[in-house]
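New to this one? Here's a quick briefing to read alongside the sequence and the 3D view.

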Amino acid sequence: MSRPWPEKLDFSSRDKALHARFDDGCAFTIPYETLRVESPSAEVQGHGPGQKKLITGKQNVDITKAEPVGRYAVRLTFDDGHDSGIFTWDYLYALGEAAR
């Protein structure tokens with residue numbers, strides 16, 4: 001079975017959320033706060049099991065830039081300077097399911 005592929009990613013500073021629609025019919029709204037505190041970067045997730053850091057105070061974070069990474073991901077830059085996480089389509093889909 002093929003993995004869901006994003007059809008549309010709409011970054012809304014007004015809503016402070018990513019509105020994502022995938023080709024399997026699923027659509028998600030993922031708050032920017034969730035994207036920031038669950039960033040897949042080593043800075044947040046650590047380098048191994050049990051090393052994830054608790055990130056707080058990001059309720060009003062905004063995304064200033066979204067850049068494609070190949071055909072498999074997007075790199076997000078947040079207004080607090082964080083820009084080291086690469087969000088794969090699978091990871092965005094998982095965050096969307098968890099945000100439901």
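What follows is a short tour, from the whole chain down to single residues.

Keep in mind that this is a predicted model. The protein chain has three helices and six strands, and from the N terminus on they come in the order β-β-β-α-α-β-β-β-α. With a radius of gyration of 13 Å, close to the 13 Å that the globule rule gives for 100 residues, the chain is as compact as a globular protein of that length.

**The chain as a whole**

- Taken along the principal axes, the C-alpha atoms fit in a box of roughly 35 × 35 × 25 Å.
- Of the chain's 100 residues, 36% count as buried.
- The chain exposes about 6000 Å², and carbon and sulfur atoms supply 48% of that.
- Take the contacts between residues at least 6 apart in sequence: 36% of them join residues at least 24 apart.

**The three-stranded sheet**

- An open sheet is built from three strands in the order β1-β2-β3, with antiparallel pairing.
- β1 (6-12) and β3 (27-31) are the edge strands, so to speak: each pairs on one side only.
- From one strand to the next, the twist averages 15 degrees.
- Strand β2 (residues 17-22) pairs with β3 over five bridges, in the antiparallel sense.
- Two bridge partners are easy to pick out here: Leu18 goes with Ile30 of β3, and Ala17 goes with Pro31 of β3.
- The hairpin of β2 and β3 has four residues between the strands, and Gly25 takes a positive phi near 95 degrees there.
- Which side chains of β3 point to the buried face? Phe28 and Ile30 do, while Ala27, Thr29 and Pro31 point to the other face and are not buried.
- Helix α3 (residues 89-99) lies across β1, β2 and β3 and runs at about 85 degrees to β3.

**The β4-β5 hairpin**

- Strands β4 (residues 63-69) and β5 (residues 73-78) run antiparallel and are joined by six bridges.
- Lys65 has Thr77 of β5 as its bridge partner.
- Three residues sit between the two strands of this hairpin, and Gly70 takes a positive phi near 55 degrees.

**The nonpolar core**

- The largest nonpolar core has 18 residues. Those with the most contacts inside it are Leu18, Ile30, Leu35, Leu76, Phe78, Phe87 and Leu92.
- β2, β3, α1, β5 and α3 each supply at least two residues of this core.
- α3 gives the most, with four residues.
- Now look at Phe87. Leaving aside neighbours within four places in sequence, Phe87 is in contact with Leu35, Ser39, Pro40, Tyr72, Ala73, Val74, Leu76, Phe78, Leu92 and Leu95.

**A buried arginine**

- Arg36 sits in helix α1 (residues 32-37).
- Is Arg36 buried or exposed? Its relative accessible area is 5%, under the 20% cut-off, so Arg36 counts as buried.
- Not counting residues up to four places away in sequence, Arg36 touches Glu43, Val44, Ile55, Lys58, Val61, Phe78, Asp80 and His82.

**An unusual backbone angle**

- Most residues other than glycine have a negative phi.
- Lys16 isn't a glycine, yet it has a positive phi of about 55 degrees.
- You'll find Lys16 in the loop between β1 and β2.
- Lys16 has a relative accessible area of 25%, which lies between the 20% and 50% cut-offs, so Lys16 is partly exposed.

**Thr88, in the last strand listed here**

- Thr88 belongs to strand β6 (residues 86-88).
- Its relative accessibility is 27%, so Thr88 counts as partly exposed.
- How many residues apart in sequence are Thr88 and Pro40? They are 48 residues apart in sequence, and 9.0 Å apart in space, C-alpha to C-alpha.
- Setting aside neighbours within four places in sequence, Thr88 is in contact with Tyr72 and Ala73. Those two residues also appear among the contacts of Phe87.

Notes: Residues are numbered from 1 along each chain as its sequence is written. This is a predicted model: local features need pLDDT of at least 70, side-chain atom pairs count only at pLDDT 80 or more; totals for chains, interfaces and linings use all residues. Side-chain values use heavy atoms; hydrogens and water are left out. Two strands pair if DSSP finds at least two bridges between them. Axes are lines fitted to C-alpha atoms, for helices over the stretch in contact, and angles run from 0 to 180 degrees between N-to-C directions. Contact means heavy atoms within 4.5 Å. Buried means under 20% relative accessible area, exposed over 50%, partly exposed in between (1.4 Å probe, protein chains only). A nonpolar core is a set of buried Ala, Val, Leu, Ile, Met, Phe, Trp, Tyr and Cys residues joined through side-chain atoms within 4.5 Å. The radius of gyration is taken over C-alpha atoms; the globule rule is 2.2 Å times the number of residues to the power 0.38. Accessible areas come from the Shrake-Rupley method with a 1.4 Å probe; for residues, only the protein chains shown count as cover.
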